[in-house]
Structures are given as structure tokens and as C-alpha cells.
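Please open the model in your viewer and keep the selection panel at hand. The tour below goes from one selection to the next and says what is to be found at each stop.

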Amino acid sequence: MDVMFAMVRVDDDNNNDDDGSGRGERMFCVIGDPIEHSLSPAMHNAVFSALGLGYRYVAIRVREDELSTAVEMLRERAYGFSVTIPHKIRIMGMLDDLDPICRRVNAVNTVKVDGSRMKGYNTDVHGFIQPLRRRGVILRGRSAMIMGAGGAARAVLVALIDERVGEVIIASRVEDEKVRILYEMARDAGIDCKVVRLNDAGAYSRGCDLIVNATPLGMHGYEDTSVLDSSDIDGGSIVYDLVYRPMETRLIRNALKARATVVYGYEMLVEQGARALGIWLGIDAPRDVMSRAVLSMLG
Ligand code: NAP
């Protein structure tokens, strides 16, 4: 296990042995592998600093075979932690309690440690929908396309089900078990659902009220790649790219060219983090502080 950012001891009562067990200083952190490029420490530490809270949030690289050891270490040493790839599913079986949304999304991305009990949450569903709510978007009865069928696509679908969209198109490069589960979730919720090939997404995207990219296409490694051209996008659509690095992906540029409304991936990152801070500390985290920290990291 490698701690990626030096753990700083702070002389604040908040950081000292909160449960009286004599186990010493606790922290917040994110665990995953790889983890060195995580924006979460900058985002959360910016809040702690702005609010004058004496906490520290660090990134810890935890390999797959180290997960259970790490979870037991964090039971003693953390107030709460974030969970990212590749641990979001397997950690579900290692916690004492799960918020019901975790089973729907089949993933945990936030854990609260209360004494020695650990409860898992998923803040991606809220994180996804909040930037749309802030824009006053009402999705009830409307149509959406989700490109991709992985973990993020599932969180998006749960959010869209809860918003009672009328129709969902799932565009995926393969038709596998993940796609079948998404299809059945939508159908069981009474939503009209269609599965199409990712390469054919452009034939279905015009006329969709909301288009979401939940593939890595556009991120570093796939720069300047977009499933959709500007000619595939209606000006009246909302295009939401979950990719946040770079901030302005090829898909976002194509959507702006088509005069569509765009939602940036960093907005979801900030909202899911703000929700986590609410769960851990009961605070309404300052999104402006978090956004500034993220955007400065994104350059
Ligand atoms: P995931 O579980 O690995 O799923 C990725 C999906 O994209 C799968 O359907 C996969 O298809 C597909 N895909 C992968 N490589 C592809 C390629 N080269 N061409 C076409 N399709 C491809 O990943 P995830 O957790 O869902 O994350 C997806 C994206 O969302 C990532 O870029 C991630 O950074 C972003 N994300 C952002 C936020 C945020 O807060 N903004 C939160 C979560 C995720 P196969 O099944 O065929 O591999």
C-alpha cells in the first residue's frame, strides 16, 4: 500500500482519537489503483482549508490483493474514505452496512466509518443528476442515450430511472451481460429501452433530449475521439460527458458546435464529492471551492 500524499499531522481535536480507543489520528482518503492522478485530495483538502477544518485527505494506492487489509486498517484509521477502480464492487462484501442505492448501482464509492462500523454509499447517482437539476432540467418523460455500459453507465441509468425518463437508448460496443442487466433494469422500471451498437449511436442521437458519454473515449489515451460528430447532435439536446480530463473533450466541442447545452464531467466529480462530505461531516460543502481546486488541477 502506498500513500501518495504525505499524511500531515494537524494539531486539531478533530484529528485526535475521536473514539477514545487510543488508536490515534484518523484521516480521510481515497483508495484505488492507479491513484496517483486522483483529483480528490486537492478537491477535499480545499474544502477543509476553506472551512478551517483540521482534517487531511490523502490518496492511497491499494492493489486488488490488498483490499481486505486496507479496509481493516481504515476501520481503525479513517473517518471515511472514497473508493475507486478496481475496488468499487468487491468492497461491498467487506462492509457492515450498505445504503440501498449501492445494490442498485452495484458499487460503493464512499464509506463512512462510525466507531468501528463501516457503511457504504454511492454518491455517483446524486453527483450525476445534480448538475442537471442546477440547470433546471426536467427529465420526466424525455429521451436519453447512454453511451457505454460499465459502472458509470449503471449509476446514470439509476438516476434516469428515478427521474422517470420515458425512453433510454443504450449504445455499447458489445452486447454482454452488463448490457442485458441495464436493459432489464430500464424495462422493469417501465422505461422504453433500446440497445444499439456504439458505432451506430449517431443514427439515434438526434432527437434525444439527453446524451451521456459513459465511455472513456475523449479522455487522455483516447484524446480527440468522439462517438458523435456535431452533425449527430441537435441544438436542443443536452450533451453530458462524464470524462473530465481533459475538461473540454472532442464530444463537448462537437456539442458546442451544434449549439447544444453541455454538462462537463468535472461537475459530476464535484457533486459526488460534495455528497460524500455531507455523509461524512454533515456539511453543505462549498462547490465553488471544490470546482476551483479541480479546474486548477485540470489546467
Ligand atoms: P467501466 O466500468 O470500465 O466502463 C466503461 C464502458 O466504456 C464500458 O461499456 C466499455 O465497454 C466502454 N469502453 C471502454 N473502452 C472503450 C473503447 N475504447 N471504445 C468504446 N467503448 C469503450 O468504466 P466506468 O467506471 O463506467 O467509467 C466510464 C467513464 O466515466 C470513464 O472515463 C470515467 O473516468 C468516467 N467517470 C466519470 C465520473 C465523474 O465524476 N465525472 C464518475 C465515474 C466515471 P466494454 O464493456 O466493451 O469494455
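Begin by selecting Tyr264 and Tyr266, bearing in mind that this is a predicted model: Tyr264 is buried, and Tyr266 is buried as well. With both side chains displayed, look at the two rings, whose centres lie 6.1 Å apart and whose planes stand at 35 degrees, so the pair counts as tilted.

Keep Tyr266 on screen and add Ser291, which touches Tyr266 and also Val270 once residues up to four places away in sequence are set aside. Ser291 sits in helix α9, which spans residues 287-298. Is Ser291 buried or exposed? Its relative accessible area is 18%, and because the limit for a buried residue is under 20%, Ser291 counts as buried.

Next, turn to the aromatic rings of the model, where nine aromatic pairs are counted. One of them joins Phe28 and Trp280, a tilted pair with 5.0 Å from centre to centre and 40 degrees between the planes. Colouring by sequence position is useful here, since this pair links distant parts of the chain: Phe28 belongs to strand β2 (residues 27-32) and Trp280 to helix α8, 252 residues apart. Both Phe28 and Trp280 are buried. If you then extend the selection to Phe48, Tyr55, Tyr57 and Tyr79, you will have the cluster that ring pairs form from these residues together with Phe28 and Trp280.

From helix α8, move on to the ligand. Helix α8 (265-281) and helix α5 (151-162) each contribute at least two residues to the shell around the ligand, and the largest share, three residues, comes from α8. Display the shell of 21 residues, of which Ala149, Ala152, Arg173, Lys178 and Leu242 come nearest to the ligand. Coloured by class, this shell shows 14 nonpolar, five polar and two charged residues.

Finally, show the backbone atoms around the ligand and follow its polar contacts. At Gly151, a polar backbone atom is 3.0 Å from an oxygen atom of the ligand, while at Gly150 the distance from a polar backbone atom to a ligand oxygen is 3.4 Å. At Leu242, a backbone N or O atom lies 2.9 Å from a nitrogen atom of the ligand. Switching to a surface view completes the stop: the ligand taken alone exposes 930 Å², and the protein buries 76% of that area.

Technical notes:
Residues are numbered from 1 along each chain as its sequence is written. This is a predicted model: local features need pLDDT of at least 70, side-chain atom pairs count only at pLDDT 80 or more; totals for chains, interfaces and linings use all residues. Side-chain values use heavy atoms; hydrogens and water are left out. A residue is near a molecule or strand if one of its heavy atoms lies within 4 Å of it. A polar contact is a pair of N or O atoms within 3.5 Å; within protein, one must be able to donate a hydrogen and the other to accept it, and residues adjacent in sequence count only if both atoms are side-chain atoms. Accessible areas come from the Shrake-Rupley method with a 1.4 Å probe; for residues, only the protein chains shown count as cover. Helices (H or I, at least four residues) and strands (E, at least two) are DSSP runs, numbered from the N terminus. Ala, Val, Leu, Ile, Met, Phe, Trp, Tyr, Cys and Pro count as nonpolar, Asp, Glu, Lys and Arg as charged, and the others, Gly among them, as polar. Rings of Phe, Tyr and Trp (its six-membered ring) pair if their centres lie within 6.5 Å; planes under 30 degrees apart count as stacked, over 60 as edge-to-face and the rest as tilted. Buried means under 20% relative accessible area, exposed over 50%, partly exposed in between (1.4 Å probe, protein chains only). Contact means heavy atoms within 4.5 Å.
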